[in-house]
Amino acid sequence: MDHTQRLEQMIRIARQAGEMIVQAREKQNFSRQYKGGDELVTEIDVAVDQMIADELESLFPGEARLTEELAPDRSQLEQRGALWIVDPIDGTVNFAYGHAHVAVSIAWAMNGEVQLGVVHAPFLGETFTAVRDQGARLNDESMHCSQANTLERSLVATGFPYARDKRAPLIKRLNHVVHACRDVRRNGSAALDLCHVGCGRLDAYYESVLPWDFAAGLLIAREAGATASHLYECPESLPVELYGENLLVSAPDIHQSLGNLLRDADAGQRLES
Ligand code: IPD
Ligand code: CA
Ligand code: CA
């Protein structure tokens, strides 16, 4: 199957997942649980993960999968070959509270390099896609990041980890950003934040996130012209494109200044989530 056909299948599966999510909200009878202490997970997160796994296995048997709910073993990132990276619901808290900012994220990587990405927002009717070196699209229209060139005129998104004891140092960053930039957004879906940098609805996004949160969205943002980097050096054992600590993605002209601002906020203290 060539990349175009693969992407078509990814879009079809993501939209099918989106229908499950929309129907579940209409019925409102899904169970809610907690994993790792305070992290909310619904039975729909698991059901969507299972449906996507079944579809991928039947179309691409034997290709490895890293998925948030059913196959979260990140040692797979160290292997070569094909790897699917799936977040069945990015924005679970939004989903459970009835907000629209919810996405299905599916990426396909080869030897640690993401080749194809789909982020589908079922309540918003928007599907973001990218093919490596071939640009990014929103509902099949070509899209581009903003041309922001000063921090004062930049809208910046971020997020916070579920573990509340890890949030304090991030408030220092937020304090710097809110004083230097136009304003801040915390929309609750990393995948959509990245796509929104890609289509110019945001000028920048920074956070520490896991591969399923950002693999597809990062390709989409980069293919739309955004600049991506990490605030600090990445470990050599992991593919840099699948490493999510201290990620910064922005319009090219503000990248350096926003990176410096965030490192100043850390005041020499490197943050790991
Ligand atoms: C979360 C969202 C959120 C981000 C968190 C993620 P989930 O993913 O992307 O915006 O701030 O770091 O864990 O749990 O809704 O799939
Ligand atoms: Ca997520
Ligand atoms: Ca999720």
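These are my notes on helix H4 and the sheet beside it in a predicted model.

I kept local features at pLDDT of at least 70 and side-chain atom pairs at pLDDT 80 or more. Residues are numbered from 1 along each chain, and side-chain values use heavy atoms, without hydrogens and water.

**Helix H4**

I took helices (H or I, at least four residues) and strands (E, at least two) as DSSP runs numbered from the N terminus. I checked the length of H4, residues 168-180: the expected span, 1.5 Å times one less than the number of residues, is 18 Å for its 13 residues, and the end C-alpha atoms lie 19 Å apart, which agrees.

I then looked up burial (buried is under 20% relative accessible area, exposed over 50%, partly exposed in between, with a 1.4 Å probe and protein chains only). Leu170, Arg173 and Val177 are buried. Down the axis they fall within an arc of 55 degrees (directions from the axis to the C-beta atoms), so they line one face of H4. Ala168 and His179, on the other side, are exposed.

I listed what covers the buried residues, with contact as heavy atoms within 4.5 Å: the cover includes strands S10 (155-158), S11 (183-185) and S12 (204-207), and helix H7 (255-266).

**The sheet**

I traced an open sheet of five strands, S11-S10-S12-S14-S13, with mixed pairing (two strands pair if DSSP finds at least two bridges between them). S11 and S13 (227-230) are at the edges with a single partner strand each, so one side of each has no neighbour in the sheet. S10 and S11 pair in the parallel sense over three bridges.

Conventions
Chains lettered and ligands numbered in written order.
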